[in-house]
Amino acid sequence: EKAKQLLKEAGYPNGFKTTITISGSSPADVDVASILKDQWAKIGVELTLDIKESGVVTAWVANASYPDMVFDSKWGTATLYNKFGPPPNSMNSANADDPRIHELRAKMLDVFWDREKRTPIMKELYAYTMSQVWYLSMPSQWLYKIYQPWVKNYDAEPAVGYNGKPWRFLWIDQDLRKKLGF
């Protein structure tokens with residue numbers, strides 16, 4: 001009932017119709033979108049699933065040229081150092097271009113390797129972006145990453161050099177490596 005009330009307050013007393021574009025290459029994403037469709041129908045939102053070939057969706061996301069919404073399974077909003085780079089940016093599929101985001105993102109990148117300074121900025125950035133609802137955060141699977149303890153300043157990120165910043169601050173602690181028998 002609360003969702004229906006919020007829709008009414010937003011000017012949609014009878015709900016609305018919208019379309020979400022989704023890649024057919026991920027059955028799990030199609031399943032999640034189907035659950036969204038079912039749940040949203042209960043509050044008056046008629047969601048059409050527009051299932052496209054993966055290349056079409058990728059191009060639309062990269063160019064922010066999809067019609068209404070896109071099901072984009074890129075990481076979560078916690079990876080805000082990528083997701084909210086100024087458009088055009090293929091990671092920023094919402095095409096969000098907000099001065100507050102740019103300010104917080106710049107502050108965070110200035111202290112990126114200092115977890116104690118970075119964490120409060122990320123929390124503020126996360127709270128702000130969630131309040132703007134550019135993205136609907138969806139559940140995701142667990143992802144495990146493994147790395148050696150002697151690789152320093154590395155937190156098992158999935159790629160080296162993302163966000164245009166080379167990882168020149170990585171190093172190998174040779175003493176620890178030898179101590180552990182490698």
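## A parallel sheet and the helix packed against it

On one side of helix α2, Pro27 and Ile35 are exposed, while Asp29, Val30, Ala33, Leu36 and Trp40 in α2 are buried. Seen down the axis of α2, the buried residues fall within an arc of 115 degrees, so they line one face of the helix. The model described here is a predicted one, and the points below move from this helix to the sheet it packs against and then to a single residue, Thr18.

**The helix**

- Helix α2 covers residues 27–41, which makes 15 residues in all, and the distance from its first C-alpha to its last is 21 Å, close to the 21 Å expected at 1.5 Å a residue.
- The buried residues of α2 pack against three strands, namely β1, β2 and β3.

**The sheet**

- Three strands form an open sheet with parallel pairing, and their order across the sheet is β2-β1-β3.
- The edge strands are β2, made of residues 45–52, and β3, made of residues 69–70, and each of them pairs on one side only.
- Strands β1 and β2 run parallel and are joined by eight bridges; within this pairing, Ser23 has Lys52 of β2 as its bridge partner.
- Strand β1, which spans residues 16–23, also pairs with β3 in the parallel sense, over two bridges.
- In β3, Met69 is the bridge partner of Ile20, and Val70 is the bridge partner of Thr21.

**How helix and strands connect**

- Strand β1, helix α2 and strand β2 together make a β-α-β unit, and this unit is right-handed.

**A closer look at Thr18**

- Thr18 is found in strand β1, and with a relative accessible area of 8% it counts as buried, because the cut-off for that word is under 20%.
- The side chain of Thr18 makes a polar contact with the side chain of Asp68, at 3.3 Å.
- Leaving aside neighbours within four places in sequence, Thr18 is in contact with Val45, Glu46, Leu47, Thr48, Asp68 and Met69; of these residues, Met69 is also the bridge partner of Ile20.

Definitions and conventions:
Residues numbered from 1 in each chain as written. Predicted model: local features only at pLDDT ≥ 70, side-chain atom pairs only at ≥ 80, totals over all residues. Heavy atoms only, no water. Pairing = 2+ DSSP bridges. Helix = DSSP H or I, 4+ residues; strand = E, 2+ residues; numbered from the N terminus. Expected span 1.5 Å × (residues − 1). Buried < 20%, exposed > 50% of the residue type's maximum accessible area, 1.4 Å probe, protein only. Arc of directions from axis to C-beta. Contact = heavy atoms within 4.5 Å. Polar contact = N/O pair within 3.5 Å; in protein donor to acceptor, adjacent residues only side chain to side chain. Right-handed = clockwise from strand over helix to strand, strands pointing away.
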